[in-house]
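Subject: Structure for you to look at, with notes

Dear colleague,

I am passing on the structure we spoke about, and I would be glad if you could open it beside this message while you read. My notes on what was found come after it.

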Amino acid sequence: MERNPEGENLEYGALEEVFEVPIGPIHPALKEPIRFTFQVRGERIVDVQIRTGFAHRGIEFMGMRQGRNLIQILYLSERICGICSVSHPIAFTQAVERAAGIEVPPRAQYIRVIISELERIHSHLLWAGVAAHELGFDTLLHLTWRVREKVLDILEELTGNRINYAIPIFGGVRRDITPEQYPRVWEAIRYYRGLLEELLDAFLRDPTVEARTRGVGILEPKEAEELCAVGPTARASGLRKDVRQDRPYLAYSDFEVKAITPADYGLTPVGDVYDKIVVRLLEVGQSLDIIEKALENMPEGEITSFPKIPALLAHLKKAEGEGLGWHEAPRGEVIHYVRLVSGEESPLIWKVKAPTYSNLLSWYPMFEDQEVADIPIIAACIDPCICCMDRVYIVRNGKEETWTKEELLRLSWEKTRRMRR
Amino acid sequence: MGLSAFKRALWVFHVATGSCNGCDIEIVAALTPRYDVERFGIRLVGTPRHADVLLITGPVTRMMAERLKRIYEQTPDPKAVVVVGGCGSTSGVFYESYNLVGPVDRIIPVDVYVPGCPPRPEAIIDGVVKAVAKLEKLGAKV
């Protein structure tokens, strides 16, 4: 996008000077700390700087400092992110399994797929609710979060916990899906099948949602490609990019996953916030398909190739080599790289690339020339895994004004009301 | 503790100090229809200046420590501090890192610890209810 401060066609405040609006690092809606510094002219965003690092815990360092064994690090990898709490372990176990030459039994691969697709459903519904909240549509937030509890119940049933499932372990999974559990999973699938149309209707055919999200936060396909966007952020711009399709791993090659873009819903991909809602909701349906197929074709057999933990630890200690593991997390591609050396319990190198890291840069073109009232929804639309703002300081004519997040939301809600009229 | 113990509506402010999102989404889950704490008058507010209770998650990263102190100072008295999650209470799995200065009670005084990684929404509600008891005791003194 060409920047042309002189000839810009601004709706109001065309001749005002540029002000700086810092937002963050504490913000109650987005959960994790990050700081945006916006340059605004009137209501229009001219430029943005993003400062990250508030949530940096040094997890890779903790894993590499020779105090923990790989199983302890597995639990650490799970706590990189509480929402993708099976995506990181899946990528990490794959990396270690490749490095140590461990085979995963087919049944364990299927269970990993089922849990990660259930996680995708919970994550996308969570995001849809947050997006509705940022638009001032709290009814929809409560609706989506109510229906999200069903998938958490199933995850709790299968894994023993609502969040942080601790399912993958090197060489397999820690829990089997028992025959009594199948009917409950099927029931949940039927529940969401019946609900999906209603959700699509509530989000996509609502004139207010459409008015607030169409043409807002556009990421052009070319920009998405150049900025290496991943996951739904890239797919909403029309890129057919999905790790499950491009480099199938685990049992994903059995399900013939196809990357979903708005074109599958009969729309021309624009890359705006509306398209991101379309992609995420359609992916809920895709995950249901995958879970159905996985349940139908579930192979019998062992769930782990190392039932005894001491034997697994001894094998890992002897292992030498390097491995790469990848997974399509709800937010996009996550990659773990591990290098093991013989005789050491911890890896020599552990490198993690999380999806939001790739998507951060796509914020820059999305924010360009948008309104201040659209900041909450654009910040939320890549489904960032880092939190954001608490209050906004506006220095106008040397006078400081403090804006809380509530006021920003109020701005956003007022805009909705304006558009309804 | 019965419902009569709630003499006033409790407003809660949530601070993430480098948490993994696990506790944070459970806090939001506690606000949404399944658990619905708003029926007790407990609601999340957007600024510490309106809050009675601080809900703190995360192991406190170096960059957040100063900000956590500032938020504590901005919260009007009487106030209660509830730490949600294992890493905020004891550091949990996050030990021996160069960038963590937690747990939370090394930075600010804490009244209630809610263990769990993450704790269930029921446990978070229980923690807030325990904070009510503290606030009432403080209220009786004034």
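The notes below take the two chains in turn and then the contact between them.

Please keep in mind throughout that this is a predicted model, so the values that follow are computed from predicted coordinates.

**Chain A**

Chain A contains 16 helices and 10 strands, and of its 421 residues 54% are buried. Among the contacts in chain A with a separation of 6 or more, 71% are accounted for by residues 24 or more positions apart.

A good place to begin is helix 4 of chain A, which covers residues 106-134. At 1.5 Å a residue, its 29 residues should span 42 Å, and since the end C-alpha atoms are 42 Å apart, the expected and computed spans agree. This helix is also largely enclosed by the rest of the structure, because 28 of its 29 residues are buried. Just after helix 4 of chain A you will find A:Gly136, which takes a positive phi of about 85°.

The next feature to look at in chain A is an open sheet of 3 strands, which has the order 6-7-8 and antiparallel pairing. Its edge strands are strand 6 and strand 8 of chain A, each of which pairs on one side only, and the twist from one strand to the next averages 10°. Helix 3 of chain A, residues 87-100, packs on this sheet and touches strand 6 and strand 7 of chain A, with a direction that makes about 155° with that of strand 6 of chain A.

The pairing within this sheet can be followed residue by residue. Strand 6 (residues 321-329) and strand 7 of chain A run antiparallel and are joined by 9 bridges, and the two form a hairpin with 2 residues between them. Across this pair, A:Leu324 stands opposite A:Tyr337, while A:Glu328 has A:Glu333 in strand 7 of chain A as its bridge partner. On the other side, 5 bridges join strand 7 of chain A to strand 8 (residues 349-353) of chain A, again with the strands running antiparallel; here A:Val338 has A:Trp350 in strand 8 of chain A as its bridge partner. Strand 7 of chain A, residues 332-340, is largely enclosed by the rest of the structure, because 7 of its 9 residues are buried.

**Chain B**

Chain B has 4 helices and 5 strands, and from the N terminus on these elements run β-α-β-β-α-β-α-β-α. How does its radius of gyration fit with that of a compact globule, and what value would be expected with 142 residues? The rule gives a value near 14 Å for a compact globule of that length, and because chain B has 14 Å, the two agree. Along its principal axes the C-alpha trace of chain B spans about 45 × 35 × 25 Å. Buried residues make up 52% of the 142 residues in chain B, and residues 24 or more positions apart account for 81% of its contacts with a separation of 6 or more.

The 5 strands of chain B form an open sheet in the order 2-1-3-4-5, with parallel pairing. Strand 2 (43-44) and strand 5 (112-114) of chain B are the edge strands, each pairing on one side only. Within the sheet, strand 1 (residues 11-16) of chain B runs parallel to strand 3 (residues 53-57) of chain B and is joined to it by 5 bridges, and B:Phe13 has B:Leu54 in strand 3 of chain B as its bridge partner. Helix 1 of chain B, residues 22-31, packs on the sheet and touches strand 1, strand 2, strand 3 and strand 4 (80-84) of chain B, its direction making about 140° with that of strand 3 of chain B.

**Where the chains meet**

The contact between the chains takes 38 residues from chain A and 33 residues from chain B. On the chain A side, the elements that give two or more residues are helix 1 (59-64), helix 2 (70-78), helix 5 (138-159) and helix 16 (405-420) of chain A, and helix 5 of chain A gives the most, with 4 residues. By class, the side of chain A that touches chain B has 18 nonpolar, 9 polar and 11 charged residues.

With best wishes

Definitions and conventions: Residues numbered from 1 in each chain as written. Chains lettered and ligands numbered in written order. Predicted model: local features only at pLDDT ≥ 70, side-chain atom pairs only at ≥ 80, totals over all residues. Contact = placed C-beta atoms within 7 Å. Nonpolar A, V, L, I, M, F, W, Y, C, P; charged D, E, K, R; others polar. Expected span 1.5 Å × (residues − 1). Buried ≥ 20, exposed ≤ 12 C-beta atoms within 10 Å, placed from the backbone. Pairing = 2+ DSSP bridges. Axes fitted to C-alpha atoms, helices over the stretch in contact; angles between N-to-C directions. Rg over C-alpha atoms; globule rule 2.2 N^0.38 Å.
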